[in-house]
Each structure stands twice: as C-alpha cells, then as structure tokens.
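Let's take a friendly walk through the inside of a protein and look at the spaces it encloses. Keep the structure open beside you as you read.

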Amino acid sequence: MAHPVDRTAPAFGWAAGVGAVIFGAGLGELTAAVIAPSSSPVAAIGAALIDAAPSWAKDAAIALFGTADKIALIAGIALVGLVLAAFAGWLELRRPRWGAAVVAAFGVVGAVVAMLRPDAGGMAWLPSIVAGGVGALTLWFLVRRLRPAADASTSAAPAIQSDRAADDEPLSPDRRRFFAWTGAAAVAGVLAIAAGSVRSSGAAAVTAVRRALRLPTPAGAAAPIPASAELRIPGLARVITPNDSFYRIDTALIIPEIDPADWSLRVHGMVENEFTLTWDELLALPLEESVTTLACVSNPVGGELIGNALWLGYPIRELLARAKPVSDADMVLSTSRDGFTASTPIEALTDDRNAILAVGMNGEPLPLQHGFPVRMVVPGLYGYVSATKWVTSLEVTRFDQVKAYWSTRGWSERGPIKLQSRIDVPRRAQGLKAGETVIAGVAWHQHVGVSGVEVQIDEGEWRPATLATAISEDTWVQWSVPWVATEGDHLIRCRAISADGEVQTSDTAGVAPDGATGWHERFLTVFA
Ligand SMILES: Nc1nc2c(c(=O)[nH]1)N[C@H]1C(S)=C(S)[C@@H](COP(=O)(O)O)O[C@H]1N2
Ligand SMILES: [Mo]
C-alpha cells in the first residue's frame, strides 16, 4: 500500500510553496493592518511599481481598468507572487532549504522596499519580515512532511545531516497529511488577509475620528446653488457630484490614514516667514465655501474623470501672504503624506480664484480617499498639478529647480484645464425609440467659463444647446437640446464655446502630456 511518491513530482512543491506563501503573506498583511497598512509587502511593492512605472503604463492601466487600476495591480502582484511561490516550493523539494531561503529573501526585498517608501514608519520592515520568515518556515515544514525520516528525527539532529539523509529517501506516501497541512496553511493565510483588510478598512481608527468630526460653520458661505443649475434629466451627470460617485485618481495603493491630531502643514522654501499650521489652527481660521469642478488630465474625451463639489477650506493665498514668498519664486510644490507632489504656478494660488486648502466636501469632512483631512483644490488646473490630497507641505520654489511627480514622468509641468464638453444622454447605443427626446451633457472650462454649447446631428448644421445656469466659471455647466429622433443610425457631436470666445477644437489629442482634445461624439441607433 505504500506507493512511493515520485519526489520530483513538481505539483507537491508547487502546492507547498503556494500554501506556505499564502500563510506567510496573510500574517504579513495582518501585521501591516495593525502597524501601518501601507507597510504591507504587497502594498509597498505595488506602490514602488506605481512610482517606477512609465507614464504610458499608468495611462494604459487607467484606460484598461479605469478607477479599478489598483485592483488590477494588486491582482497582478498576487499572481506573480504565487508563481514565485510555486517555484520556491519546487526548489525546496529538490534542494531542502533553498526554496525556503528564496521565500525569506523575498521577505527581505519587501522589507527594504517598504522602508524606502516616503511614508514609511519605523516599523515598516516588520510585515515583510513576518511574511518572509513565516513563509520560509512553513515551506520548510510542509516539504518535510513529505520525508518520513525527517518527521522522525528530532530537532536535536544536526540539520544539514538530516537534510542530506532526506535527499536519499523516498517521499512519504501520505499525501493526505501533506495536503491537509498545506490546505490549512492556505486557508489560515486567506483568513488572515481577510481579517487584516477588515481591520484596516472599516474599523480603522481614522474612519472613526472622521465620523465623529464636526466641521466649523463657514465664515463665508457659498451662494445657494440655483435650482436652474440642475436640468434634472435622467442620465445626465448631476451638477453636484455626490461624494460616493466622485471619481478617484491617485497613486496611493493604500489610502493614507492621517489622524487630524497628527496632521500639520509646513509652509516653507523661498519665503521670509516659514511656519507650520496644525489642524486646530486651520479650523480656527475663517473657512470659506466654494464650488469647483475637479478634472483629471487622464480624462479622455467623453470620459468620467471629472466631478463637481462644494468645498470648504481656507484660501492658500492667505497662507502664502503670511509666509511672504520672495519675488523670484514662481511655483508651489505641494507634497502629500505618501510622497506624491504637484507643482502649481504661484499666480494660481495668489490671484483671486478660490484656491483652497480644503477640509470639507459636500458638507462632510473629506472622505479618506479624497484626501482626509486636508487637500488642495485649485480652480482651472488639472488635478495632477494642483489637487494634492493628504497634503502636508507647501514649498515655495521655482519651476526650474524642482519637478513634481508627473512632470518627471513625461507630463507637462503646467496643466491648465482645456475647454471640453461631453454628451451624457442618450446614453445607450441601442434601444432608443424614435420620437421626441433630448440630447444633454456637461461642458467645462474652469476659471474661464463656458458661454455656449453646440450640437451637430449627422454632420448637419451646428445647433445651439440651452445652457443651464452655471454655478460659476469654475464649474461645469449642464446643457440640453431637444431632438426628434428618426429611425436609423445617427452620429451626434457636441462642442463648447468658452467665455473668452474659443471654440472647442476638433483636433484630437490624447491625454498625455497635458490633456485630451477633440469633439465628443456618439453613434446611436434609433428604432421605430
Ligand atoms: N496625494 C495625492 N494627491 C493627488 C493625486 C495623487 O496621486 N496623490 N492625484 C492627483 C490627480 S492626478 C487628480 S486628477 C486628483 C483627483 O482627485 P480625486 O481623487 O479626489 O477626484 O487628485 C490629485 N491629487
Ligand atoms: Mo489626474
């Protein structure tokens, strides 16, 4: 009944490697959840990959996966990790301790990467060391289950010798016990990963702090949003984007968790009067409300990486006035807790626009993923050069002295938002019935304003659309045009006219290096 197992059967090694590494990774994730979520091996490696990725790769990721790009990255890392785990298991089977050493070595690599992250805490190395150490020991243990002699030998036996002996012995036929241990390791690892993610999401202390927070009433309230700003057309983007559907774009694989009590902002660099602002000091300042439409430079024509919110914050202009920039400074480099940077022209932060250090979004503290507790909002500039979330430093400097995160990756140093318009309805390319309907969408040219939108059907005359009331030149505006749809195929286009007379160009440009251009068009099939 003892069927000697072919010890070279690689599947045993693969299984042991995968089970051991899942177990190690699980304990590593759990450790990270307790000390700092961003120190997790997967998160640290992911974050390093994001920073190392060329801009075309970021673009491709956003184009392919949209705002699910991070999930795709984590899945990719997990997949590569499992392949390496299987390899380590196979190696351990052939050469005892070598596979375990490979797993341990990956733990050390993870620890180094985690310590090099800009937001690394003093314990950032620990989760990877736990993952690598536990993974290596588990692998060694599991593969030993396949060696009856090793089972019998006590820990007192010289290790090298017992391994040598094991080399010459057939594998235990007891597959059941081996797979029971391996399966248990994998299941325990998955449970640990789940427990870690529960702990670092809902239960996070910062989430509770945020929930308990009451923002002060604004010293300067925004004018009420006119009812006529909202056309109430089903399928048309609402004029104020609810927080839970507001697009999210950032390089943060793990959202920084900052307790406001630990937050401070350093205003420094080419200034006469460097200072640090704490959360309590910020909230004691007269905060102002403003409505500003944020847009991402990676938003393709017709895309959804744009949203409009009522923000509450303090003018950056006032902070800079207090800091007193020297006269040849032309840029402010803002840095977030996780190391992201943006370069904003100093004029945009000192002129009369509502460039703010925001703490509130649509009547709530900023959601964690939108920069809690403090972010920048600057009307008229794409987010990558202005909208730093989790901001902790404003350095007054010069464009010829430092380059911000995306400027070192092929994107323009300056990113004024381009004139654009989008068709929201009719939404579906199929199933539209002939008869009276409406074409509607949004148009924007922040800090310039939109004076008109025109719609063209089937290459005909451009027809003016009716604009809703614009909240301000810093926000998008809804538009609509009635249409009697006839049976058949149609091509619909729109273009905006800016408050300064510019007509939206038909020239198409991709998102890199400074924002997409071209007309949004939609093909529709209308049924009888
Ligand atoms: N800390 C940090 N802030 C950031 C980014 C980032 O990667 N990290 N991305 C910027 C970009 S590219 C955009 S478009 C806006 C998006 O803000 P939102 O996610 O709140 O919509 O945030 C900006 N602020
Ligand atoms: Mo962006």
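## Around ligand 1

In this predicted model, 19 residues surround ligand 1, and the ones that come nearest are Y247, T251, H370, R375 and K389. Sorted by class, the residues of this shell are 9 nonpolar, 5 polar and 5 charged.

Which parts of Y247, T251 and R375 face oxygen atoms of ligand 1? For Y247, look at the backbone: one of its N or O atoms lies 2.7 Å from an oxygen atom of the ligand. T251 also uses its backbone, with a polar atom there 2.8 Å from a ligand oxygen. R375 uses its side chain instead, where an N or O atom is 2.7 Å from an oxygen atom of ligand 1. How much of ligand 1 does the protein cover? On its own, ligand 1 has 530 Å² of accessible area, and the protein covers 100% of this.

## The largest cavity

Now let's turn to the empty spaces. Rolling a probe the size of a water molecule over the atoms shows where empty space remains. Searching the whole structure turns up 2 cavities of 30 Å³ or more.

The largest cavity is the space that ligand 1 takes up, and its volume is about 300 Å³. Its lining is made of 22 residues, and those nearest the centre are I249, D250, G383, Y384 and K389. You have met K389 already, as one of the residues that come nearest to ligand 1. By class, the lining of this cavity has 11 nonpolar, 5 polar and 6 charged residues.

## The second largest cavity

The second largest cavity has a volume of about 100 Å³. Lining it are 16 residues, with N299, Y382, Q420, W444 and A516 nearest its centre. This lining contains 10 nonpolar residues, 5 polar ones and 1 charged one.

Where does the second largest cavity lie with respect to domain 2 and domain 3? Domain 2 (227-409) and domain 3 (420-526) both contribute residues to its lining, so this cavity lies between them.

Note on methods. Residues are numbered from 1 along each chain as its sequence is written. Chains are lettered from A and ligands numbered from 1 in the order in which they are written. This is a predicted model: local features need pLDDT of at least 70, side-chain atom pairs count only at pLDDT 80 or more; totals for chains, interfaces and linings use all residues. Side-chain values use heavy atoms; hydrogens and water are left out. A residue is near a molecule or strand if one of its heavy atoms lies within 4 Å of it. A polar contact is a pair of N or O atoms within 3.5 Å; within protein, one must be able to donate a hydrogen and the other to accept it, and residues adjacent in sequence count only if both atoms are side-chain atoms. Accessible areas come from the Shrake-Rupley method with a 1.4 Å probe; for residues, only the protein chains shown count as cover. On a 1 Å grid over the protein atoms alone, a cavity is a set of points where a 1.4 Å probe fits but cannot get out, and a pocket is an open set with protein on both sides within 12 Å along at least five of seven lines; lining residues have an atom within 4 Å of a point. A molecule sits in a cavity or pocket if more than half of its atoms lie within 2 Å of its grid points. Ala, Val, Leu, Ile, Met, Phe, Trp, Tyr, Cys and Pro count as nonpolar, Asp, Glu, Lys and Arg as charged, and the others, Gly among them, as polar. Grid points are joined across faces, edges and corners, and a volume is the space filled by probe spheres set on the points. Domain bounds come from an automatic or database domain assignment.
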